[in-house]
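Work through the exercises below with the sequence and the structure open beside you. Each task is followed by a solution that goes step by step.

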Amino acid sequence: MTGPSRRALLQGAAGLAALSACSSGPEQGSPTTAYGVHQAGVTTAQQGFGNLVVLDLHHAPIVPVLEALGEEIERLVSGRAADVPEPGDLTVTVGVADPGLVLPTFARDTFGPEHCGGDLVLQVCGSDPVAVLAASDRLTRDHAVRWSQLGFSGAAGKDGFGRNLLGFHDGIVQPRGREELSAGVWGDDGSTVMVVRRIVLDVEGFNDLAVDQQEAVIGRRKSTGAPLSGGHLTSPLDLAAKTPAGAYLIPVDAHVRRAHPLATGRPLMLRRGYSFAGEQGSGLLFISFQRDLAEFIQTQYRLDAGDALNRYLRVTASGVFRVLPGFSASRGLGASMNADR
Amino acid sequence: MSKARHVRSSGAHIRRGSRAGRLTLAIAMGGIGMLVFPGAQQAGAAGDDGTVSVRVVREINANGIWDHTAPILEPGLPGAVVTVTDPQGHTQSGPTDDQGQLTLDPSTSSLTGGKYRVSVSNPDPAVFSPAFAAASPTAGQTSLSPSVDFVDVSGGKPASITTGFWNPSDYTQDNPRIISAHQRDAVYGVGAGSVYTDIYAFNRQHGTIANSYASGSADSGFYVGQCLHCDIVVTDNVAEYNAVGYESANSTGVSVVRNRFSRNRVGLTMSSDYQEAFAPQRKAIVAGNVVSDNNEAQTPEQADGGFGIGIGLGGSTGVEVLKNRIEGNRSAGLLVSPAEDLAAKDNTAKGNVYAGNGTDLAFWSSAQSGGTQANCLERPAGATTYPRPWRAVLGCESGRGPLNDAEDIAPFRTVPGPAGIAFLDVAPPGLLPTMPGDPASVPYRRAQAPDPIDIGSLTVPPRTWLAEAARRSAR
Ligand code: HEM
């Protein structure tokens with residue numbers, strides 16, 4: 001999936017201005033700072049690689065761990081750590097388990113206890129996979145890894161969007177601008193809720209479908225990304241559009257219809273996942289950020305109840321974490337945990 | 001059954017289109033009488049004219065009155081362009097100021113005659129609609145004029161007009177009586193391209209939809225939705241050969257009585273839908289209707305796949321289904337289910353007659369919506385149910401507390417519907433009774449609160465109820 005700000009960068013200054021107000025992220029490729037109102041790696045232009053690492057702390061007190069991580073992260077992204085001399089646009093996003101955040105069991109969940117839960121999550125992203133892995137190693141050296149997954153994103157095409165392993169544009173419909181981000185993504189304290197789902201796709205089975213059948217599953221054209229209700233890539237979906245015989249132009253079980261926020265009465269989540277391939281199968285390391293976990297849960301229920309994509313996927317790891325508010329040299333990463341918990 | 005979407009938030013991403021473009025009688029009626037030009041007037045010396053003062057306000061509560069004392073303060077709307085036109089077509093115009101006010105002096109212009117048309121342009125048609133005038137303002141109140149009105153400033157008399165625009169998402173508005181009690185109106189295959197709903201009252205209050213006929217809709221024949229305290233009665237209508245005969249979404253206070261919803265794909269639904277404001281669907285009465293044989297293939301399809309359903313309640317609260325004849329619906333006679341995270345609760349079904357339905361009474365609940373909630377769905381002797389052990393799930397004898405809270409009953413599977421036919425190909429109805437007298441002479445009246453319904457005296461209608469208006473094949 002392509003982050004919102006990449007599109008903004010490609011589409012010009014208006015989008016950029018809207019984002020810079022909310023984003024502590026860098027422009028692609030340039031060195032960054034970890035400091036800001038929010039952590040980096042959420043509204044940051046999506047980099048080419050992302051490594052997700054879930055850690056167990058085994059009852060170690062969390063605040064000192066977070067303080068140390070925060071300091072290390074700032075050293076890493078600013079290029080002051082010996083292990084990663086050229087971090088490029090590296091970002092690290094830290095989330096913590098929160099007893100108030102619980103995912104129900106969903107229809108396509110097929111993981112054991114070792115692939116959910118965990119005390120901490122690190123999302124390490126960058127354009128240079130070597131820097132991403134080196135930084136991940138540096139940060140997890142003293143901790144037990146519960147599960148992890150390295151992912152990559154499809155290169156942006158001429159239209160500014162990358163494709164996922166099904167060959168479809170991804171990351172088109174996203175919350176953008178201050179208003180949508182504060183409605184759907186950022187909590188009042190600058191934190192956000194992160195859901196991660198490792199979704200293995202039956203890419204071969206999907207590719208056995210004729211292209212128009214694939215398009216009916218997703219609800220968009222494979223070539224252009226335009227919704228089946230018409231227009232072009234960025235046209236809004238017209239969920240009510242019907243044929244004269246009464247059938248929806250975007251089929252009743254199309255992924256984009258089932259996932260559309262209108263039907264849940266909740267705002268739109270920000271999706272920032274990575275494709276993966278390897279021993280674990282291949283698929284989408286789905287990552288979403290939302291102000292309220294219900295945005296994800298209600299959407300996932302709707303997908304369970306009728307998403308045509310269900311036939312081609314199963315979920316092999318899952319987690320939900322609170323991404324702590326941004327931090328600074330004087331107010332460390334663990335500060336909010338001290339204050340409120 | 002998902003309906004389209006109305007503007008509720010400005011979130012640019014969650015695009016709620018408007019229902020504009022759907023031909024709706026309600027809206028068409030609301031505009032009647034506003035644009036008539038009152039004949040050419042005797043020319044008079046322009047220099048004699050008084051001033052025309054216009055105040056444009058933002059109507060909030062849709063009562064047709066400019067409320068400018070606490071607690072309701074309806075502010076002025078700046079930048080609305082006011083145009084004064086004389087019978088020869090000369091004009092004078094200007095925008096309202098920060099307070100929403102403008103005073104024009106025709107005596108300094110080329111206007112002649114002293115009697116002028118005053119029109120106020122909508123400052124933002126995407127947001128505002130013209131406000132309706134109050135039926136009967138009391139002394140001291142300023143009733144809102146229509147956005148096109150007429151003034152007489154001859155002989156130096158000044159005139160002042162207060163008009164308003166309202167945003168439907170601020171409040172619902174009064175609704176005129178849609179079809180007069182004597183008219184049997186054939187609304188059939190209206191327009192071309194995209195007909196969804198034939199007779200359609202969206203965001204309206206206080207009115208009656210009566211003695212009307214709807215057929216060939218790809219959505220619902222009759223629709224009442226997104227209204228709080230709707231105070232709308234739908235009675236003595238026939239809907240056949242539609243995807244859905246009658247539909248309500250997110251309405252509170254609608255009574256659907258003594259209609260015939262037969263030979264559609266789905267007879268009647270009352271559902272909650274987050275795509276429109278005011279979810280969930282609340283209090284409604286569905287009584288004394290014939291809801292039969294809703295398995296019709298010769299209609300547009302119900303886009304969400306509905307077929308063979310008599311009455312469907314989706315995520316609704318407090319709907320009473322009383323004394324209906326519910327027969328021959330191949331999936332289910334009455335189907336009660338959750339909608340998203342909204343459970344069906346406090347709904348009642350009593351005194352209905354069921355026969356020949358795939359399943360007479362069907363109910364399911366979901367963990368997503370918090371499990372099974374209290375509903376009093378009476379099962380007459382011999383009626384079939386889903387799930388089979390009806391008593392264990394729901395029953396009126398158990399009172400109102402939540403029943404088996406954790407229960408999560410697998411969704412009821414309806415019979416799959418055949419492919420639909422284009423709405424233009426739906427066969428036309430036979431000759432329908434028309435309104436006695438000259439319909440054009442019927443005066444336009446403002447909203448009338450509907451007459452109260454005496455449910456107690458209703459009886460289950462005979463199978464042939466209103467069948468004379470139905471197509472021969474559907475009687
Ligand atoms: C492997 C699994 C998945 C694949 C391959 C996939 C793919 C896609 C694609 C191609 C689009 C259309 C392009 C776009 O708008 O970005 C899309 C849209 C979307 N997806 Fe997924 N997705 C998957 C899983 C999920 C999950 C688990 C969720 C959340 C529970 C989700 C939520 C959404 C949302 C909210 C949209 C935007 C819908 C709209 O148009 O309003 N997706 N997805």
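**Exercise 1.** Decide whether A:Cys125 is buried or exposed in this predicted model, and then do the same for A:Cys116, which may be buried, partly exposed or exposed.

*Solution.* Begin with the cut-offs that the decision needs: a residue is buried when its relative accessible area is under 20%, exposed when this area is over 50%, and partly exposed in between. For A:Cys125 the relative accessible area is 0%, so this residue is buried. For A:Cys116 the relative accessibility is 23%, and therefore this residue counts as partly exposed.

**Exercise 2.** Find out how many disulfides the structure holds over all chains, which residues form a disulfide, and what its handedness is.

*Solution.* Over all chains, the structure holds one disulfide. The partners are B:Cys227 and B:Cys230, whose sulfur atoms lie 2.1 Å apart, and this fits the cut-off, which asks for cysteine sulfur atoms within 2.5 Å. Next, take the torsion about the S-S bond of B:Cys227 and B:Cys230, which is about 95°, so the disulfide is right-handed. As a last step, look at the accessibility of each partner: B:Cys227 counts as buried because its relative accessibility is 0%, and B:Cys230, at 0% relative accessibility, also counts as buried.

**Exercise 3.** Locate A:His260 in chain A, state whether this residue is buried or exposed, and name the residues that A:His260 touches when those up to four places away in sequence are not counted.

*Solution.* Along chain A, A:His260 sits in the loop that runs between helix H8 (255-259) and strand S6 (270-271). Its relative accessible area is 9%, so A:His260 is buried. Leaving aside residues up to four places away in sequence, the contacts of A:His260 are with A:Leu237 and A:Leu239.

**Exercise 4.** Describe the build of chain A by its secondary structure, its radius of gyration, its buried residues and its contacts.

*Solution.* First, count the elements: chain A has 10 helices and nine strands. The radius of gyration of chain A is 19 Å, close to the 20 Å that the globule rule gives for 341 residues, and so the chain is as compact as a globular protein of that length. The C-alpha trace of chain A spans about 65 × 45 × 35 Å along its principal axes. Of the 341 residues in chain A, 59% are buried. Finally, among the contacts in chain A with a separation of 6 or more, 76% come from residues 24 or more positions apart.

Definitions and conventions: Residues are numbered from 1 along each chain as its sequence is written. Chains are lettered from A and ligands numbered from 1 in the order in which they are written. This is a predicted model: local features need pLDDT of at least 70, side-chain atom pairs count only at pLDDT 80 or more; totals for chains, interfaces and linings use all residues. Side-chain values use heavy atoms; hydrogens and water are left out. Buried means under 20% relative accessible area, exposed over 50%, partly exposed in between (1.4 Å probe, protein chains only). Helices (H or I, at least four residues) and strands (E, at least two) are DSSP runs, numbered from the N terminus. The radius of gyration is taken over C-alpha atoms; the globule rule is 2.2 Å times the number of residues to the power 0.38. Contact means heavy atoms within 4.5 Å.
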